[in-house]
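Open the model in your viewer and keep the selection panel at hand. The stops below can be taken in order.

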Amino acid sequence: MNAFAHAAVISDSHTASTDYLVLPHIGQLGYQATLIKGADLAKTDLSRYQLVVICRYITTQQLALLARNQPSGLQLVYFMDDDLFDRQALHGLPLRYQWKIFRTALRHRQQLMRICSAFWMTSEHLLAKYAALKPILITPTATAKTLAKPTPKDYVTVCYHGTASHQTELAWLLPIIASVQAQSENIHFELFGSGKLAQAVKQYPRVSVLHPLSWSNYLDYTRIQQRDLGLAPLLPSAFNAARGPTKFFDYARMGAIGIYSDVPPYQGFIRDGLDGCLLANDPSLWATTILQLASNGERREVLSAGVQQRLDAMTSR
């Protein structure tokens with residue numbers, strides 16, 4: 001394999017399948033790999049690739065495009081690490097997941113068999129079941145990317161632990177999170193919310209969504225967690241007018257510096273620049289402040305010390 005051989009992996013995002021299996025295997029074969037989203041396939045020049053790997057899913061239109069425009073000498077491979085070719089194997093799965101597999105894999109079985117010159121599979125079960133395809137077994141491989149553990153100085157964690165009564169604030173924060181993540185590579189956000197929220201942030205990098213917890217479980221959870229920044233936006237409403245500043249204690253318990261809306265109850269309670277940050281409800285200002293604090297470890301240390309001093313002074317004995 002020459003040093004300039006290129007492979008394309010058709011996958012709408014990085015997944016466990018791409019990062020543990022497909023990409024390491026392609027590297028072992030001597031190719032330089034590029035991930036291509038299915039939606040971008042129509043504007044991709046396939047002639048620059050010697051290998052194209054369909055990773056699990058593909059639409060009818062995308063498959064037809066590959067079949068029409070497959071350059072001479074291009075090797076087309078289909079990869080699957082679940083049984084995506086047998087309807088019976090789908091029984092018991094959620095109906096939505098069954099439909100996804102049928103629509104983007106199972107229904108294309110015959111055409112994939114016609115146009116693909118190789119099949120990569122990941123278990124002896126699949127190899128035996130589809131022996132007629134002469135599949136190749138590939139095994140999981142750890143890489144520097146999948147094993148990397150950044151040090152605390154390299155990674156900044158930002159949390160927003162709002163409840164179901166904070167849906168307006170959560171919606172207000174999402175564009176801010178999108179803006180921050182588009183400008184940084186070392187910030188991780190943690191949110192509490194529903195499956196709907198998880199779906200809304202699915203395409204954002206480095207965002208985790210946790211299911212809401214009871215107070216006792218939340219107290220136990222935050223006792224063993226450490227976070228760098230905690231967000232506490234508060235938008236005008238009759239309900240919010242009666243809120244208290246208890247979020248300070250939740251974030252302080254995790255060692256987090258709070259960023260608060262400059263309105264009561266935080267206004268007059270948080271000492272801006274000493275034990276937290278008070279900001280006007282300006283999304284660009286919040287995004288800028290998060291980025292600035294994330295990139296300034298010394299400033300975070302000063303504010304963190306202020307949070308701890310305030311906490312010590314207010315703790316009942």
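A pocket here is an open set of grid points, on a 1 Å grid over the protein atoms alone, with protein on both sides within 12 Å along at least five of seven lines. The model is predicted.

**Stop 1: the pocket.** By that definition, the largest pocket has a volume of about 1,100 Å³. Select Asp12, Ser13, Thr15, Lys202 and Gln203: of the 27 lining residues, these lie nearest the centre of the largest pocket. Next colour α1 and α3 (95-104), the elements that give two or more residues to the lining of the largest pocket. Which of them gives the most to this lining? It is α3, with five residues.

**Stop 2: the sheet.** Show the strands as ribbons. Six of them form an open sheet with parallel pairing, in the order β2-β1-β3-β4-β5-β6. At the edges are β2 (32-36) and β6 (136-137), each of which pairs on one side only. Now select residues 6-10 and 51-55, which are strands β1 and β3; they run parallel and are joined by four bridges. To find one bridge pair, pick Ile10 and look to β3, where its partner is Ile54.

**Stop 3: a helix on the sheet.** Add α1 (residues 16-28), which packs on the sheet and touches β1, β2, β3, β4 (75-80) and β5 (118-121). The direction of α1 makes about 160 degrees with that of β3.

**Stop 4: the nonpolar cores.** In soluble globular proteins, nonpolar side chains tend to be buried together. Select Ile187, Phe189, Leu191, Leu231 and Ile290, which touch the most other members of the largest nonpolar core, a set of 45 residues. Helix α7 (residues 167-183) supplies the largest share of this core, seven residues. Centre on Ile290 and leave aside its neighbours within four places in sequence: Ile290 is then in contact with Val158, Ile176, Val180, Ile187, Phe189, Leu229, Leu231 and Ile259. For the second core, which is separate and has 32 residues, select Leu65, Ile115, Leu126 and Leu133, which are among its members.

**Stop 5: a loop residue.** Go to Ala131, in the loop between α5 (124-129) and β6. Why does Ala131 count as partly exposed? Its relative accessibility is 45%, and the partly exposed class lies between the buried limit of under 20% and the exposed limit of over 50%. Finish by drawing a C-alpha to C-alpha distance from Ala131 to Leu93: these residues are 25 Å apart in space and 38 residues apart in sequence.

Methods. Residues are numbered from 1 along each chain as its sequence is written. This is a predicted model: local features need pLDDT of at least 70, side-chain atom pairs count only at pLDDT 80 or more; totals for chains, interfaces and linings use all residues. Side-chain values use heavy atoms; hydrogens and water are left out. Two strands pair if DSSP finds at least two bridges between them. Contact means heavy atoms within 4.5 Å. Axes are lines fitted to C-alpha atoms, for helices over the stretch in contact, and angles run from 0 to 180 degrees between N-to-C directions. A nonpolar core is a set of buried Ala, Val, Leu, Ile, Met, Phe, Trp, Tyr and Cys residues joined through side-chain atoms within 4.5 Å. Buried means under 20% relative accessible area, exposed over 50%, partly exposed in between (1.4 Å probe, protein chains only). On a 1 Å grid over the protein atoms alone, a cavity is a set of points where a 1.4 Å probe fits but cannot get out, and a pocket is an open set with protein on both sides within 12 Å along at least five of seven lines; lining residues have an atom within 4 Å of a point. Grid points are joined across faces, edges and corners, and a volume is the space filled by probe spheres set on the points.
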